[in-house]
Amino acid sequence: MKTVFEGRTAAQVWEESIHELLRMYAAGEVERIPTEHNDTSIELTGVLLKVENVMGRHKSSLYHDPKFLEGYKNQLLDQKKRGAVYTRITALDKKSDINQEDAVVESLKENWFSRRAVINISDPYCDIGSSYPPCVCTMQFLIRNGKLQLSTFFRSNDAWKLALPDMIAFMQYQKQIAKRLDISASTYTQFVGSYHIYDRDIMAAKTAFELKAAYEK
């Protein structure tokens, strides 16, 4: 069962992962499982999505509206909009004055080789009883070969609708941190515990990929 998807662009990596998940479903290699929101989904576990060159030119996937991608990125990371994820990056909760972003930057400036440049998104005080805890749990920044790598860990990722927007948003954030460090960004890796397509989206995904395959012929 393939769970590692690598490529030069986020769109390439994402499209390959969706194609493989749909192929395995058609072959009976994955099955529908229930979710905590009274829905069902098909799922891969322990998935790795890796973009080899964050600084390269990235074309958009045919399956996402560019306006949606931009709006989603801003919702997560725009300081003015104060999306839930960015709020947790800059201050874990209302009682804390910890700015994890600044701490990461200072840590890497002091020791470029540090393995401690980690941002925790998950907050047990808020998330254990929440119906909608953040999907992303942690982020780790590493400087290797003079460039900034970013690895994120997602407990869960809506593969059809949100995996690619998440990749694009966090790659943009990676470039923001690289700029603060006055270096370039290199690879982006997204680890996902549960990589799934909801039952309600399976047909739309199959139809979209079948149309693309017919068009490419």
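Here is a short walk through the structure, one selection at a time.

Before you click, note that this is a predicted model, where local features need pLDDT of at least 70, side-chain atom pairs count only at pLDDT 80 or more, and totals for chains, interfaces and linings use all residues. Residues are numbered from 1 along each chain as its sequence is written, and side-chain values use heavy atoms, with hydrogens and water left out.

**Stop 1: the whole protein**

Colour by secondary structure and you should find seven helices and seven strands. Helices (H or I, at least four residues) and strands (E, at least two) are DSSP runs, numbered from the N terminus. Follow the chain from that end and the order reads β-α-β-β-α-α-α-β-α-β-β-α-β-α. Of the 217 residues, 45% are buried; buried means under 20% relative accessible area, exposed over 50%, and partly exposed in between, with a 1.4 Å probe and protein chains only. Contact here means heavy atoms within 4.5 Å. Among contacts between residues at least 6 apart in sequence, 68% join residues at least 24 apart.

**Stop 2: the core**

Now select Phe141 and Tyr195, which touch the most other members of the 56-residue largest nonpolar core. A nonpolar core is a set of buried Ala, Val, Leu, Ile, Met, Phe, Trp, Tyr and Cys residues joined through side-chain atoms within 4.5 Å. Helix 6 (residues 163-181) gives the most to this core, 10 residues. In soluble globular proteins, nonpolar side chains tend to be buried together. Stay on Phe141 and show what surrounds this residue: beyond four places in sequence, the residues touched include Val104, Leu108, Ile119, Leu150, Tyr173 and Ile177.

**Stop 3: Trp14**

Go to helix 1 (residues 10-26) and pick Trp14. Is Trp14 buried or exposed? Trp14 is buried because its relative accessible area is 0%. Beyond four places in sequence, Trp14 is in contact with residues including Tyr63, His64, Trp160, Met167 and Tyr195. Leu164 sits 150 residues away in sequence, yet the two C-alpha atoms are 6.1 Å apart.

**Stop 4: helix 2 against helix 6**

Show helix 2 (residues 66-77) with helix 6: their axes come within 9 Å and cross at roughly 55 degrees. That angle makes the pair oblique, since angles under 35 degrees count as roughly parallel, over 145 as roughly antiparallel, 65 to 115 as roughly perpendicular and the rest as oblique. Axes are lines fitted to C-alpha atoms, for helices over the stretch in contact, with angles running from 0 to 180 degrees between N-to-C directions. Light up Phe68, Tyr72 and Leu76, among the helix 2 residues that meet helix 6, and Ile168, Phe170 and Tyr173, among those on the helix 6 side. The residues of this contact divide into 10 nonpolar, one polar and two charged; Ala, Val, Leu, Ile, Met, Phe, Trp, Tyr, Cys and Pro count as nonpolar, Asp, Glu, Lys and Arg as charged, and the others, Gly among them, as polar.

**Stop 5: helix 4 against helix 6**

Keep helix 6 and add helix 4 (residues 100-110), where the axes come within 10 Å and cross at roughly 50 degrees. These two are therefore oblique to each other as well. Glu101, Asp102, Val105, Leu108 and Lys109 of helix 4 make the contact with Tyr173, Ile177, Arg180 and Leu181 of helix 6. By class, that is five nonpolar, no polar and four charged residues.

**Stop 6: Ile183**

Finish in the loop between helix 6 and strand 7 (184-198), where you will find Ile183. Ile183 counts as partly exposed because its relative accessibility is 26%. Select Ile143, Gly146, Lys147, Leu148 and Ala178 to see its contacts beyond four places in sequence.
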